[in-house]
Amino acid sequence: MIKRRNWIKYLFLSILGLSTVESKAFLPPVYATNKKVQKHNQAQLLIQRGKKYLDEGRAAEALQDWESATKIYRQIHYEEGVTGSLINQNLALQALGLNRQACSTLLQALRLDADAGICAIPSEQSTESTTKLLTAAIDKQKLIPLNLLAWHNLGDVLRTIGKLDESKIVLEKILSTARQVSSVETSGILLSLGNTEEAIYQQARNKYYEVEEPTFKKEIVILIQQEALKSIDIYQQVQNTLGIPQVTQLLTQLHQLSLLLDFEKWLIAESRAGNTKLANTHTKITQQIQPCVNLVRKNSSAFSQLSANHSVYTKLNFALNLNQLPSNQLHSLAIQYAESALQTAKSTNNERLKSYSFGILGKLKAGQSEKYFTEASSLAQSIHAWDIAYQWQQELGNLYKKQGKFKQALKAYSAAINNLSKLRDSLLASNADLQFSFSEKVEPVYRDYMRLLLVSPNPNLEEVIQTNERLQVAELENFLKCGKLDLVALNELQDLPSAPAVIHAVDLGSRIEILVQSPNKSLHRHSVDSKPVKEHVENLLNNLQDKELIDTDQSVLLQPSQALYSLLIAPIKKYLPSSGTLVFTLDKSFQSLPMALLHDGKDYLFQHYSISATLGSRVRQPKALSKEQSKVLIAALSKVSPSFNDPNAPENLKALPGVEQEVADIKKQTTFSTTLLNENFTSSRLEKELSTVDFPIVHLTTHAQFSSDPQRTVILAYEKAINVLKFDRLLRNKTQADADGIELLVLSACQTAKGNKRTALGIAGVAAQAGARTTLATLWLVDTDSTTLLMEEFYKNLKDGTPKAEALRQAQLSLLSNPDYNHPYYWAAFVLVGSWL
């Protein structure tokens, strides 16, 4: 759905004129005038027809006309015409959901470098570098009204692809300039700025539900309030502007109403969670809602001034807002607006508009929901609109499940998940809304489907496992804000010397489902009440993430470790081999838990099994290290560096003096090594080394932090903290030049942010960004002397040809047998993610 202003959509038409233009002032010498006037008029007709098509919701035909107009304007060298028709092309592309292409088209209109990364997926380009580039470009250009229009559109489209900081910079800069040009109406730009602030609020609000660390969460609570109030203030400024167009006023009121309702909902939830500081804010927000509804109703005649396309979306948005209010009269009014939107949609013959209208009516008219959702789903499927089809299929699944029609519900959920999979490749590129609300809009589809599958007396365990795989990988891609990852499901792996046992721990709310794939491929299930499991996990993690872990009596750790073994492992022990490799696929509740630490009352789990973890039971094709691959790039920090002061770095960092001995020992166990120590360990030097030499092993002995917030999942180089979202750029040349990429990535001085239960997500994220087949990392900062001993033993085992997971197990056993280092603090922090070979 495109939230845009009617006047801005077609302002270019008013610049060129809707009738034949006297164009002598724009044309070359007289002898060419007649021919050029003819072409100019032809382009004008195409511009006008394109406007008509877009008004009717026929975006593809509008795009075709405007592309033809652009071609003509280029032939007659009419630069203003080229710029304006490119702006219009961008609008048609957005109507088709092609937001990144729309962004690239605007770069052409503004004559900006298409290769500068301005329209790249957010994680692919530094926000800081992009904002500097945009600021310089705005300062350099002469901002005539047409250029301002192009920049305004770029500010809007940057918001739709999730580049909110860049959108804000552009809109603030051009608003400042536009206020100095008397002929430019600024309320539309101010409205766009308010929309971007609202999007920043939405981003923070959704992050609030995904971030687990209490300290980080408190910061987000403050940010949510700041951005909501800032956006509300801007919307009020727009409405206070003298001479504001009626349509701009209506759109502002609608945006403000949506924000007030959403913010109120969040305030209520946060207050119920124990935050007592929000009462005054909640009262003020609640008091603004009904007056805002009254303003929209008073201004309802402005709906008729919108294009058909825009009218449908705004009416449906208003209907959904009205339906949230506790008033039967307003609920009836909501249905009237939705029915009016449907009639308009039918008049356009636009299947997407009709699908959206039917779907919203399904939400509003409970008694006829099935009919409306079915029609909405069918229409969306017919035009491959996966982004809305999955929503109606999910609604149907929920409805059928409530009615006890489980077969139909399973079919609907399955269809929704298939459509989400189709959407995944373009999800981050074109739909910031889904990108920012994964846990609210995407994750529930998968979990509801798995719950329903397991209701059956003979559940399809293979389908449950595959669904869980798809969810975990989609979650990792969302965490990284990247495209589709090149990973292989464990049950699809080929040419393995021996099959491991795979244990899936799936959190479905009230139950924890343990699904086991034995080495002979047979599947087994154990279901357990989640409450005691989560209590023991919480207890164990609180101790493991405590700064005083080294002084914690081992019996304190053994109690929850043994309880978890009894609940999770003992019931499935008969399906496991007596020794060998266990591969764990861990859901969100277990991703900071070292499974090696589980205890059967006599031994720790790792004393009998080598252990590896995967996210979504998907990995890069496992492959053992050969002796010829014993080449390592070592990057290490042994002293305090400027990166310690990075705002995203862990707090209270100290020097790691034992690192130099660890580096020396690793060099002895490898055939070839290059070391970057302290000042030589910069991000640029690391990138250079990886792009020039083939290093199968990369060993980073430096502070690092794993967080449920990707912005705070960082690895410290000497000069700065490298964010996981940017880590891939350091290794991109390496992985592009070498199909095998990095065989083993070792991060030996990491820690988990306090309260984070999803460390494996961060580790898997680093591994995915690095293109690493296997990653060895620590869950907490471990004593440097014991780490040196463990790493020496680990590399010695690798040198002898031992598989990675077994090499780690033997190294951990060596510490367990050492009286000085047998406490879990020393050996349990080390976890292997990815290939175990």
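Modeller: The angle between two axes counts as roughly parallel under 35 degrees, roughly antiparallel over 145, roughly perpendicular from 65 to 115, and oblique otherwise. This is a predicted model, in which local features need pLDDT of at least 70, side-chain atom pairs count only at pLDDT 80 or more, and totals for chains, interfaces and linings use all residues. Residues are numbered from 1 along each chain as its sequence is written, and side-chain values use heavy atoms, with hydrogens and water left out.

Biologist: Why are α17 and α18 called roughly antiparallel to each other?

Modeller: The axes of α17 and α18 come within 8 Å and cross at roughly 150°. Axes are lines fitted to C-alpha atoms, for helices over the stretch in contact, and the angle runs from 0 to 180 degrees between N-to-C directions. The crossing angle lies over 145, and α17 and α18 are therefore roughly antiparallel. The crossing is also left-handed, a term for a near helix turned anticlockwise from the far one by less than a right angle (right-handed if clockwise).

Biologist: Which residues of α17 and α18 meet?

Modeller: In α17, S369, E370, F373, T374, A376, S377, A380 and Q381 meet residues of α18 that include W386, I388, W392, L396, L399 and Y400. Contact here means heavy atoms within 4.5 Å. By class, the contact of α17 with α18 comprises ten nonpolar, six polar and two charged residues. Nonpolar covers Ala, Val, Leu, Ile, Met, Phe, Trp, Tyr, Cys and Pro; charged covers Asp, Glu, Lys and Arg; the others, Gly among them, are polar.

Biologist: What makes H384, in the loop between α17 (369-382) and α18 (386-403), exposed or buried?

Modeller: Buried means under 20% relative accessible area, exposed over 50%, and partly exposed in between (1.4 Å probe, protein chains only). With a relative accessible area of 53%, H384 is therefore exposed. The phi of H384 is near 60°, a positive value in a residue other than glycine. Most residues other than glycine have a negative phi.

Biologist: How do you know that H77 counts as exposed?

Modeller: The relative accessibility of H77 is 58%, over the limit of 50%, so H77 counts as exposed. H77 sits in the loop between α4 (59-75) and α5 (79-95), and its phi is positive, near 60°. Another positive phi, near 55°, belongs to R111, which follows α6. Within α6 (residues 99-109), the residues N99, A102, C103, T105, L106, L107 and A109 are buried.

Biologist: Why is α10 called roughly parallel to α12?

Modeller: The axes of α10 (residues 187-210) and α12 (residues 246-272) come within 11 Å and cross at roughly 20°. That angle is under 35 degrees, which means that α10 is roughly parallel to α12. The crossing of α10 and α12 is left-handed. Among the residues that make the contact are L191, Y201, R205 and Y209 of α10 and L251, H255, F263 and W266 of α12. The contact of α10 with α12 has eight nonpolar, eight polar and four charged residues.

Biologist: What makes α10 and α21 oblique to each other?

Modeller: The axes of α10 and α21 (residues 438-453) come within 10 Å and cross at roughly 50°. That angle falls in none of the three named ranges, and α10 and α21 are therefore oblique. R205, N206, Y209 and E210 of α10 make this contact with F438, S439 and E440 of α21. These residues divide into two nonpolar, two polar and three charged.

Biologist: Why does F695, in the loop between α26 (683-692) and β10 (697-706), count as buried?

Modeller: At 0% relative accessibility, F695 is under the 20% limit and so counts as buried. The C-alpha atoms of F695 and I742, 47 residues apart along the chain, are separated by 7.0 Å. In contrast, V640 has a relative accessible area of 54% and is therefore exposed. V640 lies in the loop between β8 (631-636) and α25 (659-668), with its C-alpha atom 5.1 Å from that of A655, 15 residues apart in sequence.

Biologist: What is the mean pLDDT of the protein?

Modeller: The mean pLDDT, the predictor's confidence in each residue from 0 to 100, is 86, and 87% of residues reach 70 or more. Over residues 1-32 the pLDDT is below 50, although this stretch has 81 contacts in the model beyond near neighbours in sequence. The pLDDT is also below 50 over residues 732-737. Of the 837 residues in the protein, 59% are buried.

Key. Helix = DSSP H or I, 4+ residues; strand = E, 2+ residues; numbered from the N terminus.
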